[in-house]
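Work through the exercises below with the model open. Each task is followed by a solution in steps.

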Amino acid sequence: MFPAASFLTIIFLALSIAGSPVEIDNSPITLPIARRLNVSDGPINLLQQDKARLTALKGNSFSTQGGRTGSTPVTNAVVTYLIEVGIGSPATTYNLIVDTGSSNTWVGSNTKYVKTKTSVDTGEPVALTYGSGSFSGTEYIDTITLGSGLTIAAQSIGVASTSTGFADVDGILGIGPVDLTTDTLTNEPTKMIPTVIDNLYSQGTISQKVVGISFEPTTSNTVTNGALTFGGTDATKYTGSIEYTPITTTYPSSTYWGMNQSISYGSTTIMSSTAGIVDTGTTSIYIASDAYAKYQSATGGTPDTATGLLLISSSQYKALKNLNFHIGSETYALTPNAQIWPRSLNSYVGGSSNAIYLMVSDIGTPSGSGVDFVNGYTFLERFYFVFDATNSRVGFAETSYTGATTN
């Protein structure tokens, strides 16, 4: 994840806990996700912020001793998910970014950490350097509460003494793979820190190390449009069965929620099977430069100077074909409508009110780089997504959302 210099010009997807969480079979717990656009400082540069996140994602590396070198956890300052997290007893509430691209949890950027009877200072220095920000402080062990029935008795957290780039949020709730926690404790660089998912599982709060994510397409700047489920899946959010594919073995995609896929535009293959990442913190869909050139040529899109996105005419939009993602034995199709930014929100990204902008962009490197695509929020709002840490796999299903959303 990479924080921007200011969080005033970002899209907030606020994870608010409203009422009692919904329990599905085998004790998963679902929390609602609400989207809020905050553009008090003016239009948002989606492409610029996504690119900074991608640079951090692709820059992640590990030493032969197991520690991480050039540590670059990633925060997207355009699309963020905020969850109200209670820490301590009695609990103080913090608004934390839910990050699938990093795995440490830390607090104290905006709302200072309040010590209680459950707070234990380990004395261990902890530090992370992000794409355009940083955090350093001390590791504590404390109680975390995410909602009724979702409590961690002893979670490692970083307590910030200094931080940059997080002025309007309180820190991060890291839910990425546990390997990403290496090289964050200054004196124990090879040590892995159990994530909130690991501890929820080990303490018996959830019976599976599984996270289910659901978004619904929306053209509104404030709407409750999805859900995050810990410990399993929410059968009300998808139809049919969830089809799984293993985490890719290709580095560095293998260190994230990575997988292999190919892409076709209509019946024409534009990207052969290769490795990439599924990422809730990236707004657009990014594909390797050679695949992007084929997509741009096929759609007739031209780069727009105001937004950085591909601009197409109304006649080109009518001629758009499905963009097909081939994952495992299944195909997941983005319709023409699903490939564009909602026109009612064009002003938020500095675009013209009636213009049509495509949400597929150039990742900046050719196929074979190790991260050849990122399926971001634009993709995930059309399909139900599951990260299964226990079995090292990701899964997809058709969304149960039936509302008619016209971008």
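**Exercise 1. Partners of one strand**

Which residue stands opposite valine 107 in E12?

Before the solution, some conventions. The model is predicted, so local features need pLDDT of at least 70 and side-chain atom pairs count only at pLDDT 80 or more, while totals for chains, interfaces and linings use all residues. Residues are numbered from 1 along each chain as its sequence is written, and side-chain values use heavy atoms, with hydrogens and water left out.

Solution.
- Step 1: Fix the elements. Helices (H or I, at least four residues) and strands (E, at least two) are DSSP runs numbered from the N terminus, and two strands pair if DSSP finds at least two bridges between them.
- Step 2: Strand E8 (residues 106–107) is antiparallel to E12, with two bridges between them. The residue opposite valine 107 is glycine 171.
- Step 3: E12 (residues 171–174) also pairs with strand E7 (residues 92–99), in parallel and through four bridges. Here isoleucine 172 of E12 has isoleucine 97 opposite.

**Exercise 2. Helix H3 and a sheet**

Find the buried residues of H3, then describe the sheet on which H3 packs.

Solution.
- Step 1: Buried means under 20% relative accessible area, exposed over 50%, and partly exposed in between (1.4 Å probe, protein chains only). In H3 (residues 289–299), Ala291, Tyr292, Tyr295 and Thr299 are buried.
- Step 2: Viewed down the axis of H3, the buried residues lie within an arc of 100 degrees, so they line one face of the helix. The arc is taken over the directions from the helix axis to the C-beta atoms.
- Step 3: Three strands form an open sheet in the order E19-E20-E23, paired antiparallel. Strands E19 (302–303) and E23 (356–358) are at the edges with a single partner strand each, so one side of each has no neighbour in the sheet.
- Step 4: H3 touches E19, E20 and E23, and its direction makes about 15 degrees with that of E20. Contact means heavy atoms within 4.5 Å; axes are lines fitted to C-alpha atoms, for helices over the stretch in contact, and angles run from 0 to 180 degrees between N-to-C directions.
- Step 5: Two bridges join E19 to E20 (residues 310–312), and proline 303 has leucine 310 as its bridge partner.

**Exercise 3. The loop between E26 and E27**

Which residues does threonine 390 contact, leaving aside its neighbours within four places in sequence?

Solution.
- Step 1: Threonine 390 is in the loop between E26 (383–388) and E27 (393–399), and is partly exposed at 43% relative accessible area.
- Step 2: The contacts are Gln208 and Lys209. Glutamine 208 is 182 residues away in sequence, yet the C-alpha to C-alpha distance is 7.0 Å.
- Step 3: The side chain of threonine 390 reaches the backbone nitrogen of lysine 209 at 3.3 Å.
- Step 4: Serine 392 is in the loop between E26 and E27 too. Its phi is positive, about 50 degrees, and its relative accessible area of 42% makes it partly exposed.

**Exercise 4. Backbone exceptions**

Locate two cis peptide bonds and a positive phi outside glycine.

Solution.
- Step 1: Recall the background. Most residues other than glycine have a negative phi, and most peptide bonds are trans.
- Step 2: The bond from serine 89 to proline 90 is cis, with omega near 0 degrees; proline 90 is in the loop between E6 (79–87) and E7.
- Step 3: The bond from tyrosine 251 to proline 252 is cis, with omega near 5 degrees.
- Step 4: Aspartate 183 has a positive phi near 65 degrees and is partly exposed at 26% relative accessibility.

How values were computed:
A polar contact is a pair of N or O atoms within 3.5 Å; within protein, one must be able to donate a hydrogen and the other to accept it, and residues adjacent in sequence count only if both atoms are side-chain atoms.
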